[in-house]
Amino acid sequence: MNIRDIKSKINILFNVNKLTNTMSMISFSKMNKFHKECLILNNLYLETKKIILEIHDFKKNNLFCCILITTNKGYCGNINNELIKYLLKFIKNNKNLDIIIIGKKAIDFFSKKNIYIKKKIIFNEKEEIFFSNEILNFLKLYKNIFFISAKLINNSSKIIKTDLFIKKKKNFFEQKINKEQLFNNYINYTLNYLYYENYFCELKLRMITMKSAADNSLKIIKSMNTLKNKIRQYKVTQDMLEIINGTI
């Protein structure tokens, strides 16, 4: 390897370092905004859940729906692999289960597998996140609905399964409540909350991954510079020896 090749590789590594640092900073700048949204949506989801569990009538069938939330982009560790593994294990242990997948990474994976998917959805984080009326209508047919998503717990990513409906002792009854509207809101509030929690987790992991990549590129640049200096010193020494041998 000559000095020109080493310089070329160092320039490439500098560009990689700039790119990964930029991606890390972008993720960090978005995190604060989505963290605040997650807190608001969490409160909304929990308050709606209290009401829905009081008035919900469980279906007598044994049909269940599982909704998997993954990311649209990569460079966020192995979180998508962990989410998909969790779902595959869940499918093995549960029958009469329909699957809805959200996110490009899950769609890319399941498009190559012989597994029936009820619905494939890609949301844009910059727009409103909600299910269409078509999806909401057939979600009403299930006995229970499960969400599988990622969440940051104690600064590390965890896979969580959220059950929408849990049997509990009912304490009150409200006569003038619009059950259908409340059900739709509850589904969408849950989707919003879990989707943005998952997205916040994605941003955090991407920030960590890109920061690690930037640090590693600097280490490689340092070692390449050391190698370049050694080659230069070797050539200088070789030239000096040729000059000395030529004058003898």
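# Reading a predicted model

Visitor: Where is the place of Leu-141?

Guide: Leu-141 sits in the loop between H4 and S4. Keep in mind that this is a predicted model.

Visitor: Is Leu-141 buried or exposed?

Guide: Look at relative accessible area. Over 50% means exposed. Leu-141 has 53%, so it is exposed.

Visitor: Which residues does Leu-141 touch, leaving aside those up to four places away in sequence?

Guide: Leu-141 touches Lys-59 and Asn-61. There is also a C-alpha distance to read here. Leu-141 and Phe-64 are 77 residues apart in sequence, and their C-alpha atoms are 8.8 Å apart in space.

Visitor: Now the largest pocket. How much space lies in it?

Guide: The largest pocket holds about 210 Å³.

Visitor: Which residues line the largest pocket?

Guide: The lining consists of Ile-52, Ile-55, His-56, Asp-57, Lys-59, Lys-140, Lys-179, Glu-180 and Phe-183. Two elements give two or more residues each: helix H1 (3-55) and helix H5 (179-247). H5 gives the most, with 3 residues. Lys-59 links this topic to the last one: it lines the pocket, and Leu-141 touches it.

Visitor: How do the lining residues divide by character?

Guide: There are 3 nonpolar, 1 polar and 5 charged residues in the lining of the largest pocket.

Visitor: On to H1. Why does its end-to-end distance agree with its number of residues?

Guide: Compare an expected span with the span in the model. H1 has 53 residues, and at 1.5 Å a residue they should span 78 Å. The end C-alpha atoms of H1 are 74 Å apart, which agrees.

Visitor: Where does H1 bend?

Guide: H1 bends at Met-31, by about 30°. Read the span and the bend together: the ends of H1 are 74 Å apart, and the bend is at Met-31.

Visitor: What about Ser-24? Is it buried or exposed?

Guide: The cut-off for buried is under 20%. Ser-24 has a relative accessible area of 7%, so it is buried. Ser-24 is in helix H1. Beyond its neighbours within four places in sequence, Ser-24 is in contact with Met-207, Met-210 and Lys-211.

Visitor: How far is Ser-24 from Ala-213?

Guide: Their C-alpha atoms are separated by 9.6 Å, with the two positions 189 residues apart along the chain. Ala-213 lies in helix H5. At 27% relative accessible area, Ala-213 is partly exposed.

Visitor: Give me a residue of H5 at another accessibility. What is the value for Asn-198?

Guide: Asn-198 is in helix H5. Its relative accessibility is 4%, so Asn-198 counts as buried.

Visitor: Which residues does Asn-198 touch, not counting those up to four places away in sequence?

Guide: Asn-198 touches Ile-69, Thr-70, Thr-71, Leu-83, Ser-149 and Ala-150. Follow Thr-71 next. Thr-71 is placed in the loop between strand S1 (64-69) and helix H2 (79-93).

Visitor: Is Thr-71 buried or exposed?

Guide: A loop position does not settle that question, so read the value: Thr-71 has 2% relative accessibility and counts as buried. Leaving aside neighbours within four places in sequence, its contacts are Cys-76, Asn-80, Gly-103, Lys-104, Lys-105, Asn-198 and Glu-202.

Visitor: How far apart are Thr-71 and Gln-238 in space?

Guide: They are 56 Å apart, C-alpha to C-alpha, and 167 residues apart in sequence.

Visitor: And Ser-132? Where does it lie?

Guide: Ser-132 lies in the loop between strand S3 (119-121) and helix H4 (133-139). With 32% relative accessibility, Ser-132 counts as partly exposed. Ser-132 and Asn-184 are 52 residues apart along the chain, and their C-alpha atoms are separated by 9.8 Å.

Visitor: Last, backbone angles. Which sign of phi do most residues other than glycine have?

Guide: Most residues other than glycine have a negative phi. Asn-154 has a positive phi of about 55°, although it is not a glycine. Asn-155 has a positive phi of about 65°, and it is not a glycine either.

Visitor: Where are Asn-154 and Asn-155?

Guide: Asn-154 is in the loop between strand S4 (144-153) and strand S5 (156-163). Asn-155 lies in the loop between S4 and S5. For accessibility, Asn-154 has 75% and counts as exposed. Asn-155 has 59% and counts as exposed.

Terms used. Residues are numbered from 1 along each chain as its sequence is written. This is a predicted model: local features need pLDDT of at least 70, side-chain atom pairs count only at pLDDT 80 or more; totals for chains, interfaces and linings use all residues. Side-chain values use heavy atoms; hydrogens and water are left out. On a 1 Å grid over the protein atoms alone, a cavity is a set of points where a 1.4 Å probe fits but cannot get out, and a pocket is an open set with protein on both sides within 12 Å along at least five of seven lines; lining residues have an atom within 4 Å of a point. Grid points are joined across faces, edges and corners, and a volume is the space filled by probe spheres set on the points. Helices (H or I, at least four residues) and strands (E, at least two) are DSSP runs, numbered from the N terminus. Ala, Val, Leu, Ile, Met, Phe, Trp, Tyr, Cys and Pro count as nonpolar, Asp, Glu, Lys and Arg as charged, and the others, Gly among them, as polar. Buried means under 20% relative accessible area, exposed over 50%, partly exposed in between (1.4 Å probe, protein chains only). Contact means heavy atoms within 4.5 Å. The expected span of a helix is 1.5 Å times one less than its number of residues. The bend at a residue is the angle between axes fitted to the seven residues ending there and the seven starting there.
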